[in-house]
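Q: I'm new to this one and would like a close look at a single part: the place where the two chains meet. Could you take me through it, starting with how far the model can be trusted?

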Amino acid sequence: MADDFKIAQPKQYQRLFLKDEVRPDGRAVTGCREVKIHVNTVSSALGSAMVCYGNTRVIAGVKGRFAEPTINNPNSGYLDPNVMLPMLCNTKYRPGMPPDAAVSMSHKLSVLTTDITDLMELCIVPGKVAWCLYVDVVCVNDDGNVFDAAVLALSAALYNTRLPATHVNEETQLVSVDKEGEKTPLVMKFLPVAVTVSIFDGISLPDPTESEEDIQSGTVTCCIDDSSKIRALWVAATLADDVMSATLLYIQKRAAVLLSVLKKVSDRHNTSMSET
Amino acid sequence: YFIQSNLSLKMPDAKRNCGPEDAIEPPVLSKEFSSSDKAPQKSKTRPDGRKWNELRPLFMKAGIITKAQGSVYLEMGNTKLIAAVYGPKEIVKREEFSLKGKVFCEFKFMPFAKIHYCEPRQNFEEKIISKCICDAMEGVILLERFPKAQVDISVQVIEDDGGVLPLALTAASVAVGNANIEIKDLVVGTTLRFFDAENLLVDPNGEEEHGRHSRILGGAGFHMAILPSLSQISYLKQTGRIEQSQAKDCIETSWEACLRLATGIKKLMKESIEETEEIR
């Protein structure tokens, strides 16, 4: 019965819950889902992380290849983030070209990570060989708010990336990777964390589920780093001024919580933690 | 200083952040192969402590994707896969009317799954494996039960540490079973690594299957999937060279390993059904 009503009149369904100051899945109106982070889940990757926001689950992995630096930047490597939304995670995605949601998220991630690590550190032989790091975030279960989970997974994966030692052969001038050598952790300039708030009937609902995303009238996404600076802000909503400032305050607090969980999980401890 | 150039022509992909076009896999510095590195033997334990015919420990969790009708996460040693089934649902292309249902399958390695980077677009090998899974599932699913409808199967490999293809078939069939789609039987598969008559390895891990050691010693790789209750072979693939007499041994050894795996999987599936019954 309730399911039929939810399908037929989704907005009314949501309003009935909000009247009682609660969200359809039982959370408080400003409550977020339980966040779980596991790091180094994939041993074939240089660094990896799996993040769960309730049912939404994403896996991020970092792979490295060698490439020639560009002529304009002969001393810097590359870092390319991407988000994949395969057919697996939701009914609305088909195989083939990446859906618009994935394209937009990949673009947002590339904007966010432009200065996240010193690309000069990725250079092995100036002008000739540099690391090209691919960070791929694959969504395995889409239950709303994939972007937040993707940013957290990207941060966790990069924070736990260890680059293998490289060896330059003097005779053949061939650069190779030494699997047994000491690995250097990737130095990150900042750790970004994203908080998305969906706007419905003028009310801010943080961390929307998929059904809430379908009926929202707009979103506010803010990326905050570990020194409490705002790295990026995307507003796709019409908001009153006071709602906007209250939302930003909430986002700051939430970001601090997420960052504390992320910092606790690192390859030095190699544990998984959960925090609401 | 030089980088071996990657001669494959790549189409520029405007929808993704592609790296530089000439990126190559980093060459790995490895020790020289010495003659004392002999082929693995049946009597010796393997580097990870298993006997020659011992399967890796299996972990399985069904029903993990909220929107999918059926889904499963399978882990065998370090090889991790996730499979989802959507359907039966209305056929996407209306012109393809048929009295039997259709099966569509997509197989993909995640970009970080293998030792080398996998392009986000499906490559040739993945398309072949998709077709294999599709063919195997068409033989097992009772397609007459859902005419004019299609079933979408999607298998994504999170980490490849050996024995992926038969495990993908197994995952697909368990996911289809989890979706309450009627099937004749489960499809259960294992890999076998054959060096010579005295040296076989059941369920090789990544190092044993593709490792440098393995490539130099030669032999053959045997991927087989069977229908355990119906006692039929569903899928068989062999790479490398073996004698005709040895092929029979390989099939028998694989069969026995698949049956062992099937008992484990049936037990886990039963437990997962009982769990969902309890929740209800």
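A: Chain B has a mean pLDDT of 86, with 90% of its residues at 70 or more; pLDDT is the predictor's confidence in each residue, from 0 to 100. The weak patch in chain B is residues 1-9, where pLDDT stays under 50 and the model has 16 contacts beyond four places in sequence (contact means heavy atoms within 4.5 Å). Chain A averages 89, and 96% of its residues score at least 70. Chain A also has a stretch under 50, residues 267-276, with 28 contacts beyond four places in sequence. Where pLDDT is low, the predicted coordinates should not be read in detail. For the model as a whole, ipTM is 0.88 and pTM is 0.90.

A bit of housekeeping before the interface. Residues are numbered from 1 along each chain as its sequence is written, and chains are lettered from A and ligands numbered from 1 in the order in which they are written. This is a predicted model, so local features need pLDDT of at least 70, side-chain atom pairs count only at pLDDT 80 or more, and totals for chains, interfaces and linings use all residues, while side-chain values use heavy atoms, leaving out hydrogens and water.

Now to the meeting place itself. Chain A brings 59 residues to the contact and chain B brings 51. Together they bury about 4,700 Å², 60% of it on carbon and sulfur atoms; buried area is the accessible area (1.4 Å probe) that two parts lose on being put together, summed over both. On chain A's side, A:R65, A:M87 and A:L88 supply 15% of the area that chain A buries against chain B, more than any other three residues.

A:R65 turns up again in a salt bridge with B:E119, where the closest N and O atoms are 3.4 Å apart. (A salt bridge is a side-chain nitrogen of Lys or Arg within 4 Å of a carboxyl oxygen of Asp or Glu.) The count between the two chains is four salt bridges, and a search of the whole structure finds 28 over all chains.

Polar contacts come next: 19 residue pairs make them across the interface, both residues at pLDDT 80 or more. The rule asks for a pair of N or O atoms within 3.5 Å; within protein, one must be able to donate a hydrogen and the other to accept it, and residues adjacent in sequence count only if both atoms are side-chain atoms.

Which pieces of chain A are involved? Among those that each supply at least two residues to the side touching chain B are β3 (56-67), β4 (78-84), α3 (100-112) and β9 (175-178). Helices (H or I, at least four residues) and strands (E, at least two) are DSSP runs, numbered from the N terminus. The residues on that side of chain A divide into 28 nonpolar, 18 polar and 13 charged. Here Ala, Val, Leu, Ile, Met, Phe, Trp, Tyr, Cys and Pro count as nonpolar, Asp, Glu, Lys and Arg as charged, and the others, Gly among them, as polar.

Last, look at β9 of chain A once more: β9(A) pairs with strand β1 (residues 28-29) of chain B, in the parallel sense over two bridges. Two strands pair if DSSP finds at least two bridges between them. In this pairing A:D178 stands opposite B:L29.
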